[in-house]
Structures are given as structure tokens and as C-alpha cells.
Amino acid sequence: MLRRVAEVILEIDGVIKRFDDFTAVDGVSFQVCAGETVGLLGVNGAGKTTLMNMILGLTTPSGGAIRAFGMDLQKHRLEILQRSNFCTTYATLPGNLKVRANLEIFARLYSVPKPKEKVSELLELLEITKLADKSTGQLSAGESTRVNLAKALLNDPDLLLLDEPTASLDPDIADKVRKLVRHVQRTRHPAILYTSHNMRDIEEVCDRVLFLHAGKILAAGTPDEITKHFEEDDLEDVFIKIARSGELAK
Ligand SMILES: Nc1ncnc2c1ncn2[C@@H]1O[C@H](COP(=O)(O)OP(=O)(O)OP(=O)(O)O)[C@@H](O)[C@H]1O
């Protein structure tokens, strides 16, 4: 019987990032397939954002290779970015523009066929239509995150990078965001790389988890496999165990 093999969308191959003599990412390799959500976990300073920034082409790796859709990121950055998108609290949208205007500009940058309709659809999906005529710079942190998420979905990306998408959200909105991510998974099947310090997020939305520690992958597997491997009850306990055990990182 023929087995359907999922298409590899993102390949991280021995990636290293050094800042002077400090190594923030130290030979990391993994893949993310279409329809798969991989959670990137790690304590503050583990190297998650540095890795995300390299995948976005914002920082150049000191070694190794990043490929997306079978193309080398260094050589095909624009083609890759056209099919990708991201949500991070570090990159804010221009604050002087109204939310709708901002999203419509980004929709045009991504060559979205019907930009106005797409923006209205996403505002509705994220339940932020009431924010459409507010200045982006005046939004609360949680509102701003949801606008960033709308931006991240404008081009129906095949590769979606979500860097702590629920960080500043109240529990109700965080739950809605997780449901939205699951809706996107079901309907569009993108490859998603997801960082969060919220283990509930990870357990609810991620198929696989990578534990990054001091720039290296310390453990990889499904949330279940990882909790069993570390002989803990849940991912939160595994996280605390890893964070408090310097020996594990060596
Ligand atoms: N531009 C830079 N110059 C020097 N060191 C840097 C630079 N950017 C990041 N670092 C260092 O690299 C390490 C990894 O940082 P990074 O932001 O990737 O961690 P993180 O896992 O995303 O942490 P957090 O959970 O706090 O967001 C940290 O020790 C940080 O101080």
C-alpha cells in the first residue's frame, strides 16, 4: 500500500548563530512538514527568537543552512517570504495607521487577490472588527497581538512562524487564539513553528515539541513522549526540570 509522505516545508540543518564569542544557537537541525505544528520550547535566552529571526532572514546564520519549500533561504528569501508569514510581539505594525489601513497595505505587499475582502474576513475571524478604525499605535498589547495574527494570516501562508502568540493575552482571548490556530491547521494545513512559555498552548496545538536549551536541542518528540522520557506528569514539570538542571544542558 502506498503511504502518503508529508511534504517537508522547513529544513533547519546544523544551524549556528554566534554573537562575537557567544554561541546563541549551536548546531540545531529539524524539519517541519506541511500540516504539522512544531512547538519550540526553552527557558529565557535558550535561542528561540534568534532561530526564528534566522528563519525570517532577519539575522544571518554563522553556519549551517535553512531551506524552505526546497529552496535555500539565503538565495531565495523573497520567494520564501511570499509564501510565509509570522506573528511576533517584537515586530509591530506602523503605529500611525489605522488597523484596517495597515492590514490592507500588508495585503497588497503580499499580493492578496481581494485585499479589502480578505482584511474584513480576518478582522471578523479574530473578532477585532471593532478595532478596524483605531490607530494601531493606541492598541493594548493583547489587541496588538491579535492584529499581528491577522497580518500573519493575510497571505494564507504555507509556513507560519508564531513567536509567543498568546504572551500578552487574557485567558479568554488566549483560548480563542488556540482555537484559531487549530482552525488554520484544519483548513489550510500549513507548517507551523510555534514558541510559547504557556505549556497549555503547546499541549493543545503542537504535534511535536523541541526543547531548546543553551542553543541546542535537548529533547524532541510528542508532548506525551517528552513527558514520559523525563518521567514527569506534564510538559510544565518537564520545563521546570530542564530549567533547573544545569547538568542536562551539558
Ligand atoms: N544581537 C545579539 N547580540 C548578542 N547576544 C544576543 C543577541 N541576540 C540574542 N542574544 C543572546 O542570545 C541568547 C538567545 O537569545 P534569544 O532571544 O534567542 O532567546 P529566547 O529563547 O528567545 O529567549 P526568551 O524566551 O527570553 O524570548 C541570549 O543569551 C541573548 O542574550
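Around the ligand in this predicted model, two elements, β2 (22-33) and α1 (48-55), each supply at least two residues of the shell, and the largest share, three residues, comes from α1. The residues that surround the ligand are F19, F22, A24, G42, N44, G45, A46, G47, K48, T49 and T50. Sorted by class, this shell divides into six polar residues, four nonpolar residues and one charged residue.

From the ligand one can turn to the division of the chain, which is split into domain 1 (1-83 + 158-164 + 188-250) and domain 2 (87-156). The C-alpha centres of domain 1 and domain 2 lie 26 Å apart, and the contact between them takes seven residues from domain 1 and six residues from domain 2. On the side of domain 1 that touches domain 2, strand β7 (residues 159-163) contributes the largest share, three residues, and that side comprises, by class, three nonpolar, three charged and one polar residue.

The interior offers another view of the two domains. In soluble globular proteins, nonpolar side chains tend to be buried together. Here the largest nonpolar core has 67 residues, among which L10, L40, L41, A150, L161, L193 and Y194 touch the most other members, and this core draws at least three residues from each of domain 1 and domain 2. A150, one of these residues that touch the most other core members, is in contact with L103, L122, L123, L126 and I128 once its neighbours within four places in sequence are left aside.

Note on methods
Residues are numbered from 1 along each chain as its sequence is written. This is a predicted model: local features need pLDDT of at least 70, side-chain atom pairs count only at pLDDT 80 or more; totals for chains, interfaces and linings use all residues. A residue is near a molecule or strand if its C-beta atom, placed from the backbone, lies within 6 Å of it. Helices (H or I, at least four residues) and strands (E, at least two) are DSSP runs, numbered from the N terminus. Ala, Val, Leu, Ile, Met, Phe, Trp, Tyr, Cys and Pro count as nonpolar, Asp, Glu, Lys and Arg as charged, and the others, Gly among them, as polar. A nonpolar core is a set of buried Ala, Val, Leu, Ile, Met, Phe, Trp, Tyr and Cys residues joined through C-beta atoms within 7 Å. A residue is buried if 20 or more other C-beta atoms lie within 10 Å of its own, exposed if 12 or fewer, and partly exposed in between; C-beta atoms are placed from the backbone. Domain bounds come from an automatic or database domain assignment. Two residues are in contact if their C-beta atoms, placed from the backbone, lie within 7 Å.
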